[in-house]
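Trainee: Could you take me through one part of this model closely, beginning with a single residue and working outward to the elements around it?

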Amino acid sequence: MMNKFWIKILILFLLFQVNDGYTQNNYLNKLNSKQKNSAARNVFGDIENLIVKGDVAGLSKYLSGQTYLSLSNGKTGYYSVNQAYYVLEDFFTIYKVNNFRFDNLNASGPNPYATGTYAYSSKGKRSAAQVYISLKGSGTNWKITQITFN
């Protein structure tokens, strides 16, 4: 009898764990369109501020497990959060930000994106690059899936 009791408790525990994971993974799916758009806009606002500051540590909290980077310094490919951190750190060191802002923002749909202009200085020269950043819902947060500086 005691064995069956513990087996039932274990099964119930596992069911709650699976259900809790399902709830967390679908948090963004439960929001209405207006709430999703607002959440994505907030994330893009934070990303914009972090890029202006050259704050790679702050930006890394938005990186997904496999973020695609395509940078004007030739670095291209899929990177883990740790790898992307160091690649972006090098990029921001070489291409020091003078100004950055998003010019266009599409916060609707499952993959919100924003484009903007990154004004920078490198080796005494001022220049600008076009930036593209896309997001994807991951659990309870939006995560960056792609960053392009060209």
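Mentor: In this predicted model, Ser-70 has a relative accessible area of 14%, and because the cut-off for a buried residue is under 20%, Ser-70 counts as buried. Ser-70 belongs to strand S1, which covers residues 63-71, and, leaving aside residues up to four places away in sequence, Ser-70 is in contact with Lys-75 and Thr-76 as well as with Ile-147, Thr-148, Phe-149 and Asn-150. Strand S6 spans residues 141-149, and S1 pairs with S6 in the parallel sense over 5 bridges; within S6, Phe-149 is the residue that stands opposite Leu-71.

Going outward from this pair, the strands are part of an open sheet of 6 strands with mixed pairing, ordered S2-S1-S6-S5-S4-S3. Its edges are formed by strand S2 (76-79) and strand S3 (96-106), each of which pairs on one side only, and from one strand to the next the twist averages 20°. Helix H5, made up of residues 81-94, lies across S1, S2, S3, S4 and S6, and runs at about 35° to S1.

One further residue deserves attention for its backbone, namely Lys-123, which is found in the loop between strand S4 (113-122) and strand S5 (125-138). Although Lys-123 is not a glycine, it has a positive phi of about 55°. Whereas Ser-70 is buried, Lys-123 has a relative accessibility of 82% and therefore counts as exposed, the cut-off for that class being over 50%.

How values were computed:
Residues are numbered from 1 along each chain as its sequence is written. This is a predicted model: local features need pLDDT of at least 70, side-chain atom pairs count only at pLDDT 80 or more; totals for chains, interfaces and linings use all residues. Side-chain values use heavy atoms; hydrogens and water are left out. Helices (H or I, at least four residues) and strands (E, at least two) are DSSP runs, numbered from the N terminus. Buried means under 20% relative accessible area, exposed over 50%, partly exposed in between (1.4 Å probe, protein chains only). Contact means heavy atoms within 4.5 Å. Two strands pair if DSSP finds at least two bridges between them. Axes are lines fitted to C-alpha atoms, for helices over the stretch in contact, and angles run from 0 to 180 degrees between N-to-C directions.
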